[in-house]
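Subject: Structure handover, with notes

Dear colleague,

I am passing on the structure we spoke about, and I would be glad if you could look through it with the notes below at hand.

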Amino acid sequence: MNKAAVIGSGTMGNGIAQVVATAGYNVTLVDLKKEYLNRGMETIQKNLDRAVKKEKLEDKEKKEILNRINTTTEYENIKEVNIVIEAVPENIEIKKEVFKELDKVLNQDVIIASNTSALSLTELATVTSRPEKVLGIHFFNPVTVMKLVELIKNIITSQDTYDRAKKFVASLNKTAVEVNESPGFVVNRLLIPMINEAIFLVEENVACPDDIDTAMKLGANHPLGPLALADLVGLDVCLAIMETLHKEFGDSKYRASTLLRKKVRAGQLGRKTGEGFYQY
Ligand code: 3HC
């Protein structure tokens, strides 16, 4: 197993491609348009340049990693891979379409994993002809830095699929935790409602973003305050996760803050658009 494909070259997709290529796999990064792929590759290049500058990586290794990453807009070009990780936008209909396409071109023994933040793996699995080979491999942002991966079993995932995915994750030098499918899994079920509550505090004028973040950094030893973290994760992603928790559990404790909705509608999505709760 030495060939992988990553679908989607955004924040998570390009980070995953970099991590997988760094571990020695040949990676094909797939996206709809060449310009999206170029943007993803620029981010990877910048990250690797920074590592070389900090003397954490040799220039020769950087070139080898980059050489192991190919890009394509055609699913036909990933026929030979052994594992696929989907990291397209957090929308179940888009993801289902991608899973159907992947199922058509890939050999029957290939694992199709999703990096979804909160959506149902069972719903994705059942659009394929191999639901037992579908599971969640959920990375954290920034992917190159964060050690954790949630390995999420859908209700039909086979033990063999889980074991193969666990070996793959270990080969990436990440630590896996085993999770049975449930909305938001473990980390996002805990983390995103906390971020949403911090946004309620801003909305209710209880404190300003800077003071809320300082409070959680100095009062709870969080490396990043909740609003800075919202900007890192992406406000659109935070909203999508809150919507999933609210819809799936039907519990009003998961309602999204109005301010979060307004900021997403305004296109203030955080670092990726240059403005969220802070300016970049
Ligand atoms: N991309 C790549 N690398 C980055 C980065 C980024 N956006 N931001 C920081 N780094 C790297 C730095 O280059 C540095 O690398 P080095 O150790 O090799 O020198 C390292 O991270 C530490 O960076 P800094 O010293 O500049 O800054 P910090 O000490 O503040 O660390 C951080 C940055 C690791 C991002 C830290 O702030 C942190 O841990 N924040 C919390 C992140 C978190 O909670 N992520 C989970 C989000 S939830 C999620 O992703 C799930 C999804 O489904 C929504």
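What follows is a description of the domains, a pocket and some local features.

Please keep in mind throughout that this is a predicted model.

The domain assignment divides the protein into domain 1 (3–180) and domain 2 (188–272), and the centres of domain 1 and domain 2, taken over C-alpha atoms, are separated by 26 Å. Contact between the two involves seven residues of domain 1 and seven residues of domain 2, and the area buried between them comes to about 650 Å², with 59% of it given by carbon and sulfur atoms. On the side of domain 1, the residues that lose the most area to domain 2 are Ser117, Ala118 and Asn141, which together make up 52% of what that side buries. As for charge pairing, the rule finds zero salt bridges across the interface of domain 1 and domain 2, whereas a search of the whole structure finds 18 salt bridges.

The second largest pocket, with a volume of about 190 Å³, takes at least three lining residues from each of domain 1 and domain 2. Which element gives the most to this lining? Helix α10 (residues 235–249) does, with five residues. Sorted by class, the lining of the second largest pocket holds five charged, four nonpolar and three polar residues; among them are Glu90, Ala118, Leu119, Glu123, Ala240 and Lys247. Ala118 therefore deserves a second look on your screen, as a residue that lines the second largest pocket and is also among those in domain 1 that lose the most area to domain 2.Glu90, another residue of that lining, is placed in the loop between β4 (83–86) and α4 (92–105). Leaving aside residues up to four places away in sequence, Glu90 touches Lys95, Thr116, Ser117, Ala118, Leu119 and Ala240. The C-alpha atoms of Glu90 and Ala198, which are 108 residues apart along the chain, have 22 Å between them.

Two points of backbone geometry may interest you. Most residues other than glycine have a negative phi, and most peptide bonds are trans. Against that background, the peptide bond from Asn141 to Pro142 is cis, with omega near 0°, and Pro142 sits in the loop between β6 (134–138) and β7 (148–153). Glu55, although not a glycine, has a positive phi of about 60°, and its place is in the loop between α2 (34–53) and α3 (59–67).

Helix α3 also holds a salt bridge to look at: Lys60 and Glu64 both lie in this helix, four residues apart, about one turn of the helix, and their side chains meet at 3.3 Å, N to O.

With best wishes

Terms used. Residues are numbered from 1 along each chain as its sequence is written. This is a predicted model: local features need pLDDT of at least 70, side-chain atom pairs count only at pLDDT 80 or more; totals for chains, interfaces and linings use all residues. Side-chain values use heavy atoms; hydrogens and water are left out. On a 1 Å grid over the protein atoms alone, a cavity is a set of points where a 1.4 Å probe fits but cannot get out, and a pocket is an open set with protein on both sides within 12 Å along at least five of seven lines; lining residues have an atom within 4 Å of a point. Grid points are joined across faces, edges and corners, and a volume is the space filled by probe spheres set on the points. Helices (H or I, at least four residues) and strands (E, at least two) are DSSP runs, numbered from the N terminus. Ala, Val, Leu, Ile, Met, Phe, Trp, Tyr, Cys and Pro count as nonpolar, Asp, Glu, Lys and Arg as charged, and the others, Gly among them, as polar. Domain bounds come from an automatic or database domain assignment. Contact means heavy atoms within 4.5 Å. Buried area is the accessible area (1.4 Å probe) that two parts lose on being put together, summed over both. A salt bridge is a side-chain nitrogen of Lys or Arg within 4 Å of a carboxyl oxygen of Asp or Glu.
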